[in-house]
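Notebook open, model loaded. I'm jotting down what I look up as I go.

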Amino acid sequence: MIALTMRSGRSLVHVCLRTMPMCSSTTPGKYISSKTWEHTRKRKKPSGAGQRILSDAREVFEFNAWDHVQWDAEQEQAAQAAVEQNSTVKMSEDQRERFQSDAPKFWDSFYGIHDNRFFKDRHWLFTEFPELAPMAAGEQSLPRSIFELGCGVGNTILPILQYSCESQLKVYGCDFSERAIEILRSQPQFDGKRCEVFVMDATEERWQVPFEADSQDIIVMIFVLSAIEPSKMQRVLENCYRFLKPGGLLVFRDYGRYDLAQLRFKSGKCLEDNFYVRGDGTMVYFFTEQELRDMFTKVGLVEEQLIVDRRLQVNRGRCLKMYRVWIQTKFRKPL
């Protein structure tokens, strides 16, 4: 293992990376041509079943991403050490209270700066979660209701509206950033006849929503639970269960433990174990597989999928390897 200090935006970050061979572009005569994976070069983001597997380390810089990367004990220990180092010093109780109580203000500020330019529309949704894809031609007249929790500026909602011709599709979305909702409503793809979005704090004990309990076919949570104070996460899932119809599905994707984003945090940014505050004041938690299984099943949901997506992303220009960890789940409400 080696430790690299590299620049990310305006701040220096310390990242532990595996010792790597020289990049093919910097090693004359040693370019490895990988015919095995050439057909995947133009692929979209793979689903949990992505099959571009790195079997020869010499080929690592031929593509910008590899699927299902296995960590060895040395790499796991290095990640644990990095987290121990950046989480030893915790923020004070006053600081924690400020970041948690002012969370909507920090997200309003975030969207005020970035508008709709920061996150890209998630067209990969339909490979990761085919349940969100447009219904087949013979089923487009069937009623369907989808609710996204933490919809932001519509990076999930807008692709659903854009590609679906379902006459009885109803999409709902909420976010606790008023600015995000304003931006979403202003987008040309937004369809007020089929979509209703509103401001709501998902950590409230009782949700004020424009639909009844047991009414939603699908609830979507993508990189949203991680932004919530850990002590309030269970309450959020209890409300999700309440509004899902029997047989309804909750789809989820979020940060996994030891993701590169977690290893990049400096000391003094930790609110509590595995829960940090970013430079812009927004918060983020990094989950384990078992934590999520326990929380979801505790409210009565039944597991259908739980994938730890370990992916190796490559900066071929700088010969850097970056290890990402996400967790993707599907849990269903019993009939």
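I began in the middle of a sheet, where Met-221 of β7 stands opposite Phe-252 in β8. This is a predicted model, so everything I note here is read off predicted coordinates. I checked how the two strands run: β7 and β8 pair in the parallel sense over six bridges. On the other pairing I looked up, β4 (residues 144–149) joins β7, again in the parallel sense, over three bridges. One opposite pair there is Ile-146 with Ile-218 in β7. I then asked how much of β7 is covered, and six of the seven residues in this strand (216–222) are buried.

**Phe-252 and its ring partner**

Next I stayed with Phe-252, which is buried because its relative accessible area is 0%. I wondered which ring forms an aromatic pair with Phe-252. I found Phe-287, edge-to-face, at 6.1 Å centre to centre and with 75 degrees between the planes. Phe-252 sits in strand β8 and Phe-287 in the loop between β11 (283–285) and α9 (289–298), so this pair ties together parts that are 35 residues apart in sequence. Phe-287 is buried too, with 1% relative accessible area.

**Other rings**

I tallied the aromatic pairs and got 17. Ring pairs also link a cluster made of Phe-147, Tyr-172, Phe-198, Trp-207, Phe-211 and Phe-243. One ring I noted for a charge: the charged end of Lys-333 sits over Tyr-241, 4.6 Å from the ring centre.

**Helix α9**

Which residues of α9 are buried? I get Leu-292, Met-295 and Phe-296. Seen down the helix axis they fall within an arc of 95 degrees, so they line one face of α9. That spacing fits the textbook picture: an α-helix has 3.6 residues a turn, so residues three or four places apart point the same way. I then looked for what covers this face, and the cover of the buried residues includes α7 (233–243), β8 and β13 (320–332). Just after α9, Gly-300 takes a positive phi of about 110 degrees.

**Val-308**

I moved on to strand β12 (residues 302–315), where Val-308 has its place. Is Val-308 buried or partly exposed? Its relative accessibility is 29%, so I log Val-308 as partly exposed. Leaving out neighbours within four places in sequence, I list its contacts as Glu-289, Val-325, Trp-326 and Ile-327. I also took a C-alpha distance: Val-308 and Thr-288 are 20 residues apart along the chain and separated by 8.7 Å.

**The three-stranded sheet**

I pulled up another sheet, an open one with the order β9-β10-β11 and antiparallel pairing. β9 and β11 stand at the edges with a single partner strand each, so one side of each has no neighbour in the sheet. I got an average turn of 30 degrees between neighbouring strands, direction ignored. β9 and β10 are joined by two bridges, and Glu-272 has Phe-275 in β10 as its bridge partner. Then I looked at what lies across these strands: helix α2 (residues 93–101) does so over β9, β10 and β11, running at about 90 degrees to β9.

**Positive phi away from glycine**

Asn-274 lies in the loop between β9 (270–272) and β10 (275–277). Phi of Asn-274 is near 65 degrees, a positive value in a residue other than glycine. Asn-274 comes out at 13% relative accessibility, so I count it as buried. The other case I wrote down is Tyr-258, not a glycine either, with a positive phi of about 75 degrees. Tyr-258 is in the loop between β8 (244–255) and α8 (260–263). At 15% relative accessibility it is under the 20% cut-off, so Tyr-258 goes down as buried as well.

**Ser-87**

My last stop was Ser-87, in helix α1 (residues 73–87). What does Ser-87 touch, not counting residues up to four places away in sequence? The answer is Cys-270 and Tyr-276. Ser-87 counts as buried because its relative accessibility is 10%.

Key
Residues are numbered from 1 along each chain as its sequence is written. This is a predicted model: local features need pLDDT of at least 70, side-chain atom pairs count only at pLDDT 80 or more; totals for chains, interfaces and linings use all residues. Side-chain values use heavy atoms; hydrogens and water are left out. Helices (H or I, at least four residues) and strands (E, at least two) are DSSP runs, numbered from the N terminus. Buried means under 20% relative accessible area, exposed over 50%, partly exposed in between (1.4 Å probe, protein chains only). Contact means heavy atoms within 4.5 Å. Rings of Phe, Tyr and Trp (its six-membered ring) pair if their centres lie within 6.5 Å; planes under 30 degrees apart count as stacked, over 60 as edge-to-face and the rest as tilted. A charge sits over a ring if NZ of Lys or CZ of Arg is within 6 Å of the ring centre and within 35 degrees of the ring normal. Two strands pair if DSSP finds at least two bridges between them. Axes are lines fitted to C-alpha atoms, for helices over the stretch in contact, and angles run from 0 to 180 degrees between N-to-C directions. The arc is that of the directions from the helix axis to the C-beta atoms.
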